[in-house]
Amino acid sequence: GYMHRGELRAAFDVAVRMREALGADGANAVTYSTLINGCIRQNELRMARMLMERLEAGEADGVEPDVYCYTALMRGLLTPPQPPELSANGRMVRRKRARRGDGRIKVRVAPQFAHMYACRVGESLTLLEQMLARGVRPNAVCVGTIVGGCLEHADNVTAAQTAAGILRAHGAAVGDARLGLAADSALIVG
């Protein structure tokens, strides 16, 4: 609830209270993926990266990052940041999601930020490889996020093909042909 309202501090305070009250059993991967996702929604990519680093380093009460943690951070890396909308009293306003066919124009990355954004595409591919190296199995949402995000948001066909190739190779290595098919489907959709 706090994350949906954009109250990051309150959400993190609840996570701390959970850890204090319940010890290592207080926060789990769902808690951390929710925190990462909330950070992404509030354009706090630095904080989302920090959370992932803590998870991967084993500094989060033994909680291991799961596919949802990785997917949330990949989505944040592949989606251009949106400027916050403020109300008359200076508080952030939640945006309504655009619906198909509502006449809104898709926002592309401004040319002056293209280099910085290209680095984030590379970072998302590195994150995918880290996830696979840790033995975290990608699901359909993860595959669609990275392959589709490279195509849709970053306008980078080469990165999308690279991501699909990584996923196909991993699927072949672990004997899961569905992973390659999911990657190919994401390429077709994107």
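Mentor: Accessible areas here come from the Shrake-Rupley method with a 1.4 Å probe, and for residues only the protein chains shown count as cover. This is a predicted model, in which local features need pLDDT of at least 70 and side-chain atom pairs count only at pLDDT 80 or more, while totals for chains, interfaces and linings use all residues. Residues are numbered from 1 along each chain as its sequence is written, and side-chain values use heavy atoms, with hydrogens and water left out.

Trainee: What share of the exposed area of the protein do carbon and sulfur atoms supply?

Mentor: The protein exposes about 11,200 Å². The part of that area supplied by carbon and sulfur atoms is 55%.

Trainee: What percentage of the 190 residues count as buried?

Mentor: Buried means under 20% relative accessible area, exposed over 50%, and partly exposed in between, with a 1.4 Å probe and protein chains only. Among the 190 residues of the protein, the share that counts as buried is 38%.

Trainee: How many helices and how many strands does the protein have?

Mentor: Helices (H or I, at least four residues) and strands (E, at least two) are DSSP runs, numbered from the N terminus. Read from the N terminus, the elements run α-α-α-α-α-α-α-α-α. The totals are therefore nine helices and zero strands.

Trainee: Which helix gives the most to the largest nonpolar core?

Mentor: A nonpolar core is a set of buried Ala, Val, Leu, Ile, Met, Phe, Trp, Tyr and Cys residues joined through side-chain atoms within 4.5 Å. The largest one has 50 residues, and those touching the most other members are Tyr32, Ile36, Leu73, Leu128, Met131, Ile146 and Val147. At least two residues each come from α2 (8-22), α3 (29-41), α4 (45-56), α5 (67-78), α6, α7, α8 and α9. With eight residues, the helix that gives the most is α5.

Trainee: Why would such residues gather in a core?

Mentor: In soluble globular proteins, nonpolar side chains tend to be buried together. One example here is Val147, which is in contact with residues including Ala160, Leu167, Ala183 and Leu187, neighbours within four places in sequence left aside. Contact means heavy atoms within 4.5 Å. The general tendency to name is that nonpolar side chains are buried together.

Trainee: How far is leucine 179 from proline 138 in space, C-alpha to C-alpha?

Mentor: Leucine 179 lies in helix α9 (residues 177-189) and is buried, with a relative accessible area of 4%. Not counting residues up to four places away in sequence, Leu179 touches Pro138, Val143, Leu167, His170 and Gly171. Leucine 179 and proline 138 are 41 residues apart in sequence, and their C-alpha distance is 7.9 Å.

Trainee: What percentage of the contacts between residues at least 6 apart join residues at least 24 apart in sequence?

Mentor: These contacts are counted over the protein, between residues at least 6 apart in sequence. The share joining residues at least 24 apart is 67%.

Trainee: Which residue's backbone nitrogen does the side chain of asparagine 139 reach?

Mentor: Asparagine 139 lies in the loop between α6 (114-133) and α7 (140-152), and counts as buried at 19% relative accessibility. Leaving aside neighbours within four places in sequence, Asn139 is in contact with Val67 and Tyr68. At 3.2 Å, the backbone nitrogen reached is that of valine 141.

Trainee: Which residues do salt bridges with shared partners join into one network?

Mentor: A salt bridge is a side-chain nitrogen of Lys or Arg within 4 Å of a carboxyl oxygen of Asp or Glu. Aspartate 176, in the loop between α8 (157-173) and α9, is bridged by arginine 137, with the closest N and O atoms 2.1 Å apart. Aspartate 176 also pairs with arginine 178, here at 3.2 Å. The members of the network are Arg137, Asp176 and Arg178.

Trainee: Is aspartate 176 buried or exposed?

Mentor: Its partner arginine 137 is partly exposed at 47%, and arginine 178 is exposed at 60%. Aspartate 176, at 9% relative accessibility, counts as buried.

Trainee: How many residues apart in sequence are the parts tied together by glutamate 64 and arginine 134?

Mentor: The whole structure holds six salt bridges, and one of them joins glutamate 64 to arginine 134, with the closest N and O atoms 2.4 Å apart. Glutamate 64 lies in the loop between α4 and α5 and arginine 134 in the loop between α6 and α7, so the separation of the parts they tie together, in residues, is 70.

Trainee: How many disulfides does the search find?

Mentor: A disulfide is a pair of cysteine sulfur atoms within 2.5 Å. Cysteine 142 is buried at 0%, and cysteine 150 is buried at 0% too. Over the whole structure, the number of disulfides found is zero.

Notes:
A polar contact is a pair of N or O atoms within 3.5 Å; within protein, one must be able to donate a hydrogen and the other to accept it, and residues adjacent in sequence count only if both atoms are side-chain atoms.
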